[in-house]
Amino acid sequence: MNYPGRRKGHSAVVYKTSMVMFGGQVHDGEGTNLTFLYDFNKAFWDKIAPSPDLPKLDSHSAFMIDEVMYVYGGFKDKEAVYSNNIYALDMRSRTWSTFYQPDKTAVVPEARGNMGLVVYKDSILVFGGTNGVKTLNDMWKFDLKTKTWS
């Protein structure tokens, strides 16, 4: 199938003259890690191959910087936990990679989904969301160059 079908909890960003849509839930709550590209000018869907290491995520946030789409946080369908990773889709090569995965000693926000996220200068700011038990009320800044949280 080269079009996304029904889904919720997915993300979408604009890349040049296209919309890039990732993840979400399909089929009554089943997660997906599929990525689709919709060309505004041609009114045409195209499917981008997933990486085997890319989890099925929903309730995450996505943002675009230059030629890369980033996906932060969200609910990992298979593991039934929230993520604190940042994944990157290089639009030139159409390949996914793990941009950031915290180590055990790093100071990081609680893993979450359904959060607010904005890009500001060389950072992202993340506010609130849920950890699956409670609604969060905190603000974190992630420096995209140094890959550190504060």
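# Reading the terms of a strand-rich chain

Tutor: In this predicted model, Leu89 stands opposite Trp96 in S13, and that facing pair is a convenient place to begin.

Student: What makes strand S12 and S13 a pair?

Tutor: Strand S12, residues 86-90, is joined to S13 by five bridges, and the two run antiparallel. Pairing requires at least two bridges, and the five found here meet that requirement, so S12 and S13 count as paired.

Student: How do you know that S8 and strand S9 are paired as well?

Tutor: The reasoning is parallel, for S8 and strand S9 (residues 68-72) are joined over five bridges in the antiparallel sense, and at least two would be needed. Within this pair, Phe63 stands opposite Tyr70 in S9. The hairpin of S8 and S9 has two residues between the strands, and Asp66 takes a positive phi near 55° there.

Student: Which strands are the edge strands, and what makes them so?

Tutor: The open sheet has four strands in the order S8-S9-S12-S13, with antiparallel pairing, and the edge strands are S8 (61-65) and S13 (95-100), each of which pairs on one side only. Neighbouring strands of this sheet are turned by 25° against each other on average, when direction is ignored.

Student: Why is Tyr100 called buried or exposed, whichever applies?

Tutor: Tyr100, which is found in strand S13, has a relative accessible area of 9%; buried means under 20%, and therefore Tyr100 is classed as buried. Leaving aside residues up to four places away in sequence, Tyr100 touches Asn84, Asn85, Ile86, Ala106, Val108, Phe142, Lys147 and Trp149. Tyr100 also lies 9.3 Å from Leu144, C-alpha to C-alpha, although 44 residues separate them in sequence.

Student: How do you know which class Ser83 belongs to, buried or exposed?

Tutor: Ser83 sits in the loop between strand S11 (81-82) and S12, and its relative accessibility is 1%. That value is under the 20% limit, so Ser83 counts as buried. A polar atom of the Ser83 side chain lies 3.0 Å from the backbone nitrogen of Asn85, and the residues that Ser83 touches, beyond those up to four places away in sequence, include Leu57, Gly73, Gly74 and Arg112.

Student: What makes the approach of Asn33 to the backbone oxygen of Leu54 a polar contact?

Tutor: A polar atom of the Asn33 side chain lies 2.8 Å from that oxygen, and the cut-off for such a pair is 3.5 Å, so the distance is within the limit. Asn33 itself lies in the loop between strand S4 (30-31) and strand S5 (35-39); at 13% relative accessibility, set against the limit of 20%, Asn33 counts as buried. Among the residues it touches, not counting those up to four places away in sequence, are Phe22, Pro50 and Lys56.

Student: Why is the pair of Glu67 and Lys16 called a salt bridge?

Tutor: The closest N and O atoms of Glu67 and Lys16 are 3.8 Å apart, whereas the cut-off is 4 Å, so the pair qualifies. The partners are 51 residues apart and link distant parts of the chain, with Glu67 in the loop between S8 and S9, and Lys16 in the loop between strand S1 (11-15) and strand S2 (18-22). Side chains of opposite charge can pair when their charged atoms come close.

Student: How many salt bridges does the structure hold?

Tutor: There are five. One of them joins the side chains of Asp90 and Arg92, at 3.3 Å from N to O, and another joins those of Lys76 and Glu79, at 3.8 Å from N to O.

Student: Why is Asp90 called partly exposed rather than buried or exposed?

Tutor: Asp90 has 21% relative accessibility, a value that is neither under 20% nor over 50%, so the intermediate class applies. Its partner Arg92, at 60%, is over the 50% limit and therefore counts as exposed.

Student: What makes the chain as compact as a globular protein of its length?

Tutor: The radius of gyration is 15 Å, close to the 15 Å that the globule rule gives for 150 residues, so the chain is as compact as a globular protein of that length. The chain contains zero helices and 17 strands, and buried residues make up 45% of its 150 residues.

Notes:
Residues are numbered from 1 along each chain as its sequence is written. This is a predicted model: local features need pLDDT of at least 70, side-chain atom pairs count only at pLDDT 80 or more; totals for chains, interfaces and linings use all residues. Side-chain values use heavy atoms; hydrogens and water are left out. Axes are lines fitted to C-alpha atoms, for helices over the stretch in contact, and angles run from 0 to 180 degrees between N-to-C directions. Buried means under 20% relative accessible area, exposed over 50%, partly exposed in between (1.4 Å probe, protein chains only). A polar contact is a pair of N or O atoms within 3.5 Å; within protein, one must be able to donate a hydrogen and the other to accept it, and residues adjacent in sequence count only if both atoms are side-chain atoms. Contact means heavy atoms within 4.5 Å. The radius of gyration is taken over C-alpha atoms; the globule rule is 2.2 Å times the number of residues to the power 0.38.
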